[in-house]
Structures are given as C-alpha cells and as structure tokens.
Amino acid sequence: MVLVRKSLLISVIVMVMIQKNAMAAQHVVGGSQGWDESADFKSWASGQTFKVGDTLVFRYNPGLHSVVELEGDSSYKSCDISSTVNSMSAGNDVVKLNKPGTRYFACGTAGHCDQGMKLKIKTVTGSAPSNQEDSSTPRSSSAASHCFSTAFFTFIVAILTVQMALVFLL
C-alpha cells in the first residue's frame, strides 16, 4: 500500500513537470527569416511575449553569422561585442530564459550588429503560456498545440484520479 502511494506521488510530480514544460514557448528568433541581416528583429521582438522558462532559438548559417550575448544596454547600443556574456556559433543555438530581466544579443560577425543584426528582449514572469509556442509557425498551429497539451494534461489527470480511487478502494 505504501509503495502504491509513493508511486502515485511520483506520478503527480512528473505530471506537474510535464505540464510546466508544455507551457514553455520556443521563440525562433527572426521568425521564418531566422538570425539573418534581412530580419527586422526589433519588430519581431515587439510581437512576442518572453516568459521565464521559454527558449530563444537562433537559426543561421554558422559560417556567416554567430550569436553573442552582450553585457548591457550600452554595449547593445554601441554594438560593442568585445566583452560578452556568452558566445555561440553552432547555427542552431538555444538560449533558455531562466530569469526575468532584459537580455541583449548581437551577431559576432564584424559589421553585422551595426547593420541591425541585434536583439533586445525583456523576459517576464508569469504562469500563462506565451503568445506563441514557436514563433515561426502561424498562431492557429500554436493554439492547436496548446489545446493538445491541455487535453493531454487533462487525460493524465483523469488516469491519476482513477488510479487514486483504486488505491483507496483496495
């Protein structure tokens, strides 16, 4: 009986973790254009809500671009890429937004930041899902994905409820 209750408790903890991950959004920087000089990153970012737990995905040609995270607003404004917090060059780089606040990114290729290849985002706290789960897909796909994750969570809760009822009946 104790083993069954421990199993039930572990199941509930796992479900809470799955639901939390299902609500995190993945933002493909620049949308369908990706991390490229042709994208308008200021406009793209203004249409997004970045929340703690979300991720940024930088997709680009690794031979042509890179991503550097800058220390602050002055480095961002002046495109000073000499002192960075982080540097990435794989071409499909993922950045986890793990705390609220403003973060600054730029292309590490000489001259690209000055041409507008830079991004400033503000991460906020919140329990509601971000406005898009994958910023490169249409909203309807995002809404369908959110509905699926909610339905899946509801299904799992129903299974756990039945399991708990059986434990108490036995």
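Colour the chain by secondary structure to begin, and four helices and eight strands appear in the protein; keep in mind throughout that this is a predicted model. Followed along the sequence, these elements give the pattern α-β-α-β-β-β-α-β-β-β-β-α. If you then colour by accessibility, buried residues account for 36% of the 170 residues in the protein. Turning to contacts between residues at least 6 apart in sequence, 72% of them join residues at least 24 apart.

**The five-stranded sheet**

Select S2, S8, S7, S4 and S5 together, and you will have an open sheet of five strands in the order S2-S8-S7-S4-S5, with mixed pairing. Strand S2 (50–51) and strand S5 (84–88) stand at the edges with a single partner strand each, so one side of each has no neighbour in the sheet. At the S5 end, zoom in on strand S4 (residues 67–70), which pairs with S5 in the antiparallel sense over four bridges. A convenient place to check the register is Val68, which stands opposite Ser87 in S5.

**Strands S3 and S6**

Next select strand S3 (residues 55–59) together with S6; the two run antiparallel and are joined by five bridges. Here Leu56 stands opposite Val95 in S6. With side chains shown along strand S6 (residues 92–96), an alternation can be followed, in which Asp93 and Val95 point to one face and are buried, while Asn92, Val94 and Lys96 point to the other and are not buried.

**His27 and its partner**

Move now to strand S1 (residues 26–28), where His27 is found. His27 has a relative accessibility of 0% and therefore counts as buried. Display Asp54 as well, since the side chains of His27 and Asp54 make a polar contact at 3.1 Å.

**Met117, in the loop before S8**

Select Met117, whose place is in the loop between strand S7 (101–106) and S8. Is this residue, Met117, buried or exposed? Its relative accessibility is 1%, so Met117 counts as buried. Leaving aside residues up to four places away in sequence, Met117 touches Trp35, Asp36, Glu37, Phe41, His65, Ala106, Cys107 and His112. It is also worth drawing the C-alpha to C-alpha distance from Met117 to Ser38, which is 8.5 Å although the two are 79 residues apart in sequence.

**Cys79 and its backbone**

The following stop is Cys79, in the loop between helix H3 (73–78) and S5. Most residues other than glycine have a negative phi. Cys79, which is not a glycine, nevertheless has a positive phi of about 55 degrees. With a relative accessible area of 13%, Cys79 falls under the 20% cut-off and is therefore buried.

**The second largest pocket**

Finish by selecting Lys42, Ala45, Ser46, Lys120 and Ile121, which, of the 13 residues lining the second largest pocket, lie nearest its centre. The space in this second largest pocket comes to about 190 Å³. Which elements supply at least two residues each of the lining of the second largest pocket? Helix H2 (41–46) and strand S8 (118–124) both do so, and S8 provides the largest share of that lining, five residues. Coloured by residue class, the lining of the second largest pocket divides into six nonpolar, three polar and four charged residues.

Note on methods
Residues numbered from 1 in each chain as written. Predicted model: local features only at pLDDT ≥ 70, side-chain atom pairs only at ≥ 80, totals over all residues. Heavy atoms only, no water. 1 Å grid on protein atoms, 1.4 Å probe; cavity = no way out; pocket = protein on both sides within 12 Å on 5 of 7 lines; lining within 4 Å. Points joined across faces, edges and corners; volume = space filled by probe spheres on them. Nonpolar A, V, L, I, M, F, W, Y, C, P; charged D, E, K, R; others polar. Pairing = 2+ DSSP bridges. Buried < 20%, exposed > 50% of the residue type's maximum accessible area, 1.4 Å probe, protein only. Contact = heavy atoms within 4.5 Å. Polar contact = N/O pair within 3.5 Å; in protein donor to acceptor, adjacent residues only side chain to side chain.
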